[in-house]
Amino acid sequence: MFFDREKELSYLRSLLNSEPNQILFIYGPINSGKTTLLLKFLESLGDEGIGIYVNLRSRPILRFDDFKDLLFSRTRSRDVLPLVLASMEVIFGIPVPKKIWETIESPRDAFDYITDFLGKLRKKGRLPIIVFDELQVLKDLKVNGPLIYELFNFFIHLTKELHLAHVIVSTSDGLFLSNVYTHASLYGRAKYFLVDDFDEETALAFLISNGLTEEESKIVVEYFGGKPVYLVEVINEKRAGRDIEEYCREQFMVRLNQVKPLVRKLNDPSILIDLGEREVLEYDELTEDMLMLARENVIFIDPVRGVIRPQGRLELKVIRFISEKL
Ligand SMILES: Nc1ncnc2c1ncn2[C@@H]1O[C@H](COP(=O)(O)OP(=O)(O)OP(=O)(O)O)[C@@H](O)[C@H]1O
Ligand SMILES: [Mg+2]
């Protein structure tokens, strides 16, 4: 059911013709389709590159060993290189022979192995592209100090210094990203690419090509904008014979009842009126109210543009509904 993303895919494909120099941060509101896009991109590499995907959210990470488990995929064979070179598929986790895996005891050991592995791929003429999805889960993990900054230094080493691999990091955590964005060591060493919900026109085309009428599609877009996760759900509901408008209204009520209790936690509820009226608000500094709304996934922080906005059309609608009664 994958739809569109031509612009984003063409931007990502341009990496294949460039030497790795900077870390690429893919960011965007929740459920905007970042993971789906990145996997699609990795699947399309062919023999030009080698796509490696590491998802850090699939299991809780409390200590280094959990991180190590997610980072690597263990193999029985003693030499992983021939296997990797023969495969045209996305590789999940960095492959490592079990015997070597057992000797990896620290981030340093892990990074040394990965550098060596990527260097060998590079020598064989294949450009590795590694995606670290949901990197924010590491934000509180400490292994001799915060692991996340050690990891960033490693990524800088792989890209800017050794030019061994493209490193793509994806997150929808705006708070995490705004900390990252202002972090001195990343200045000039990272670039940022927004993957947003579909625009209205694309969302309509997606819905209509999946069997919704024009009238139904307009209702859906009016409730959910172009957030892919909802569009897919609506298509499934339609196939199951559900009344589309009723489904939209129900989802609106669900979200409304989640957001309502947050209003009394706000120091100044007028932020909701401003958001409802203007949709996008510039900020100089993130206020406590903004941080709370971001933590609760009501708003999305875009530190690159210095703005906050509702996570999606549904949140905007809920905010407008609530702010009318303030
Ligand atoms: N291009 C697309 N075409 C069709 N469906 C899509 C597309 N992108 C995303 N989806 C649908 O939306 C769902 C959510 O997308 P995805 O998980 O990629 O979002 P995300 O931005 O990675 O979310 P999160 O913020 O949780 O990391 C997918 O499971 C898929 O069903
Ligand atoms: Mg994701």
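These legends accompany an overview and several close-up views of a predicted model.

**Figure 1. Overview of the protein chain, with 15 helices and 11 strands.** The C-alpha trace spans about 65 × 45 × 30 Å along its principal axes. The radius of gyration is 22 Å; a compact globule of 326 residues would have a value near 20 Å, so the two agree. Buried residues account for 53% of the 326 residues. The chain exposes about 15800 Å², and carbon and sulfur atoms supply 47% of that area. Of the contacts between residues at least 6 apart in sequence, 72% link residues at least 24 apart. The chain carries 43 positive and 51 negative charges, and the mean positions of the two sets lie 5 Å apart.

**Figure 2. Domain layout of the protein chain, from domain 1 to domain 3.** The domain assignment places domain 1 at 6-194, domain 2 at 200-242 and domain 3 at 261-324. Between the C-alpha centres of domain 1 and domain 2 the distance is 33 Å.

**Figure 3. Helix α2 and the elements that its buried residues pack against.** Helix α2 covers residues 34-43. Its buried residues are K34, L37, L38, L39, F41 and L42. They pack against one helix segment, α1 (6-13). They also pack against strands β1 (23-27), β2 (49-55), β4 (91-92), β6 (127-133) and β7 (166-171). A general point helps in reading this view: an α-helix has 3.6 residues a turn, so residues three or four places apart point the same way.

**Figure 4. R5, in the segment before α1.** R5 has a relative accessible area of 4%, under the 20% cut-off, and therefore counts as buried. Beyond its neighbours within four places in sequence, R5 contacts S32, G33 and L37. L37 is also one of the buried residues of helix α2. Further along the chain, R5 is in contact with V195, D196, D197, F198 and P228. L162 serves as a distant reference point: R5 and L162 are 157 residues apart along the chain, and their C-alpha atoms are separated by 31 Å.

**Figure 5. Two residues with positive phi, N31 and H163.** Neither is glycine: phi is near 55° for N31, and phi is near 55° for H163. N31 sits in the loop between β1 and α2. Its relative accessibility is 42%, so N31 counts as partly exposed. H163 belongs to the loop between α7 and β7.

**Figure 6. T159 in helix α7.** Helix α7 runs over residues 147-161. T159 has 0% relative accessibility, so this residue is buried. Setting aside residues up to four places away in sequence, T159 touches P20, N21, Q22 and I23. The same view shows contacts from T159 to A165 and V167.

**Figure 7. F64 in helix α3.** Helix α3 comprises residues 64-71. F64 is buried, because its relative accessible area is 9%. Apart from neighbours within four places in sequence, F64 contacts I104, E105, S106 and P107, as well as V143. F64 and S106 are 42 residues apart in sequence, with a C-alpha to C-alpha distance of 7.4 Å.

**Figure 8. E216 in helix α10.** Helix α10 takes in residues 214-224. With a relative accessible area of 19%, E216 falls under the 20% cut-off and so counts as buried. Residues up to four places away in sequence aside, E216 touches K238 and I244. The C-alpha atoms of E216 and E245 are separated by 7.4 Å, and the two residues are 29 apart along the chain.

**Figure 9. Q251 in helix α12.** Helix α12 extends over residues 244-259. Q251 has a relative accessibility of 17%, so Q251 counts as buried. Leaving out neighbours within four places in sequence, Q251 is in contact with F224, Y230 and L314. Of these partners, F224 falls in helix α10 (residues 214-224). Y230 lies within the bounds of domain 2 (200-242), and L314 within those of domain 3 (261-324).

Conventions:
Residues are numbered from 1 along each chain as its sequence is written. Chains are lettered from A and ligands numbered from 1 in the order in which they are written. This is a predicted model: local features need pLDDT of at least 70, side-chain atom pairs count only at pLDDT 80 or more; totals for chains, interfaces and linings use all residues. Side-chain values use heavy atoms; hydrogens and water are left out. Helices (H or I, at least four residues) and strands (E, at least two) are DSSP runs, numbered from the N terminus. The radius of gyration is taken over C-alpha atoms; the globule rule is 2.2 Å times the number of residues to the power 0.38. Buried means under 20% relative accessible area, exposed over 50%, partly exposed in between (1.4 Å probe, protein chains only). Contact means heavy atoms within 4.5 Å. Accessible areas come from the Shrake-Rupley method with a 1.4 Å probe; for residues, only the protein chains shown count as cover. Lys and Arg count as positive and Asp and Glu as negative; His and the chain ends are not counted. The place of a charge is taken as NZ of Lys, CZ of Arg, CG of Asp or CD of Glu. Domain bounds come from an automatic or database domain assignment.
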